[in-house]
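Here are a few notes to read alongside the model, for anyone meeting it for the first time. Take them in order, with the picture open.

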Amino acid sequence: MQTFRIPPVLTVNKSAAYALYDLTYIRDVAYKPEEYYVKTRKCEPNADAKVVKICERLRDENGTIIEHTEPMCCPCGPQRRVPSSCGSVFDKLMKGKPNTAHCVRFPGDWFHVFGIGQRSLGFSVLIQVKTGSKVSEVLIGPENRTAISNDKFLRANLIGDFVGYTNIPSFEDFYLVIPRQGGPGQPQNLGRNFSMWMLLERVRFTLDGVECNKIGVNFEAFNGQPNFCSSPFWSCLHNQLWNFLEADQNRIERKQVPLFGVEGRFERINQHPNAGTHSFSIGVTEVINTNLLIELSADDVDYVYQRSPGKILSINIPTFEALTQFGTATITAKNTGEVEASYCLTFDCSSDVTLMEEQYFIMKPKETLTRSFKLYPGTDQAAKYICAAILKDSNYNEVDRAECQFSTTSTVIDNGSQGNPFKPPKTGTTGFFDSIESFWNHVWKTFIDFITGKSCRTKCSGFFDFRCHIQYICMSWILMFGLLLAIFPTVIVLLWLLHQKGLFDPLYDWWDDHFWEDSPSTKNTRHRINVDHRHVHVHKHHGHEARHHNYGTHHKRKSTHNDHKHSHFQRSSDYHYDLHHVHKDKHKHGRRSSSVMQKVDENTGYHGQKKQRRTTKDYSK
């Protein structure tokens, strides 16, 4: 362990960082331009102070009349710049017509206007090195990056700064305005009245003074505005410095941050070293880290190191499995001397073990310390290895050595926790056909999964997950969904066919018996159906069954209209007569008559009854 005989004491002090801006003087502007007016009857541009009073033309220190300072005369009237009464006709004749004289003047405070240049970061770093009674120091910063002490013992270099998270503001598009301390022109001192310092955009200023409603407006812009007499009072004099300062004061009263003022927005205003009239600075609130390079001369530096004997007490290496694990060699060493000293411990093994980095440590007198080394064999076979632990003192001389042996077990290939065992690839003809067989099995399995929808069942959540089934083209789902859609038209067709066969006739009759029996028209319909059957059974000739059936139907319609005119007794008589006649025909014609009745009954099912009911309803109406 090497140390300085007289250790140097190093001290580094860094000042607060600030952003420094260059200033360029531009001009002076009035804080609050004001418009004055005088009511008179003899306003003229060259009128003297007796007529226009304050609006008299101005003169410089040499007595020369200042251009564009003459008053602007406006006639009387209610729609003028200053509404006034024109008086009576007698007053106009005796005293003259009234008018007003208007002018702009610049009383009160004036401000200096400065252009702001590029910014730079400023701070200083003081480095001191004390060696015994001797002190060496240097002062460096962004403007002085390298410095050497007077005694040549200390040398410091400012490498750079780390970038912060907060951007330093740039004011290249702003003007700085500060109150004027003395006379006009370039100031000698910026003063300390930071409460009235403001940063305003350049577009708010007129440098030549010929634009209205901008800071720096002059006499020419005021007198030259169009429609002067019909314009409102104080036109052309808005957006001046006093407007912005009062707006900030209102925000401060409401506990808000000012928008234009410097004070309240920034810290450590103009506190940089050697502050003058050509610079302006604000404090940087974020901590900025600086990278330094410090060099000391080693010509008269004395080193002291302590040596002490030591001993290796034990070495312990458990058996482990090669390749799959690493071994650990635990070595215990002791400082057998009387002073505190530094040591170096090295552990070297045979060539089949990866080299290990030596370790450095310090031990107090009689102290025991344990260090560990990781062992990585280079083979997967079981083997024995010979290693040596070497302990060196602070002067790198060997003070003790101990040898040891350790063994490893062979790597277990098929151990379940180690993963799947390694299988060497097959070669030759057998491997080629096995590859084809494997490829065919994979294709066949994929095809079967596609047809049966196995993959879809694992990926799609439900039967009605349309998007998933369409995305993966699930054939089984498409077939099942098509069958589901085909069930509805099939059921409808089946019901229609059963209806045509008369399967639902008992249901229709039951409906009629329970919901139609109370209606008079229903009774007439039933009676009319029975009477109409008479016309079907009376026909004798088999060859003319269709014609007589049509005739009977036509006759049935006629009888439906005529039955309304006969009495109930007459209808009963005809009915019994027809029954007798049918009974007689049945004995004469035998089977032929039976076949006729069967055919007629089949053709006059429920549809015929429905038609008869409709006819009966029409009749009852």
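1. A word on terms before we start: two strands count as paired if DSSP finds at least two bridges between them. With that in mind, look at strand β19 (residues 327-335) and β22: they run antiparallel and are joined by 8 bridges. If you want one spot to check by eye, find G327, whose bridge partner in β22 is L375. Do keep in mind that this is a predicted model.

2. Now step back to the sheet that these strands belong to. It's an open one of 3 strands, in the order β17-β19-β22, with antiparallel pairing. Which strands sit at the edges? They are β17 (310-316) and β22 (368-375), and each of them pairs on one side only. On average, neighbouring strands here are turned by 25° against each other, direction ignored.

3. As general background, the strands of a sheet pair through backbone hydrogen bonds, and they can do so in a parallel or an antiparallel way.

4. There's another open sheet to look at, again built from 3 strands: its order is β2-β8-β9, and the pairing is antiparallel. Its edge strands are β2 (9-14) and β9 (134-140), each with pairing on one side only. From one strand to the next, the twist averages 15°.

5. Inside that sheet, follow the pairing of β2 with strand β8 (residues 125-131): it is antiparallel and covers 6 bridges. A handy landmark is N13, which stands opposite L126 in β8.

6. Next, a single residue worth zooming in on: Q359, found in strand β21 (residues 359-363). Which backbone oxygen lies 2.8 Å from a polar atom of its side chain? That would be the one of S372. S372 also turns up among the residues that Q359 touches, and so do Y343, C344, L345, R371 and F373, leaving aside residues up to four places away in sequence.

7. Last, the largest pocket, with a volume of about 450 Å³. Its lining counts 20 residues, and T166, N167, I168, V284 and I288 lie nearest the centre. By type, the lining divides into 9 nonpolar, 6 polar and 5 charged residues.

8. Where do the lining residues of this pocket come from? Both β7 (110-122) and β14 (279-283) supply at least two of them. The strand that gives the most is β7, with 3 residues.

Terms used:
Residues are numbered from 1 along each chain as its sequence is written. This is a predicted model: local features need pLDDT of at least 70, side-chain atom pairs count only at pLDDT 80 or more; totals for chains, interfaces and linings use all residues. Side-chain values use heavy atoms; hydrogens and water are left out. Helices (H or I, at least four residues) and strands (E, at least two) are DSSP runs, numbered from the N terminus. Axes are lines fitted to C-alpha atoms, for helices over the stretch in contact, and angles run from 0 to 180 degrees between N-to-C directions. A polar contact is a pair of N or O atoms within 3.5 Å; within protein, one must be able to donate a hydrogen and the other to accept it, and residues adjacent in sequence count only if both atoms are side-chain atoms. Contact means heavy atoms within 4.5 Å. On a 1 Å grid over the protein atoms alone, a cavity is a set of points where a 1.4 Å probe fits but cannot get out, and a pocket is an open set with protein on both sides within 12 Å along at least five of seven lines; lining residues have an atom within 4 Å of a point. Grid points are joined across faces, edges and corners, and a volume is the space filled by probe spheres set on the points. Ala, Val, Leu, Ile, Met, Phe, Trp, Tyr, Cys and Pro count as nonpolar, Asp, Glu, Lys and Arg as charged, and the others, Gly among them, as polar.
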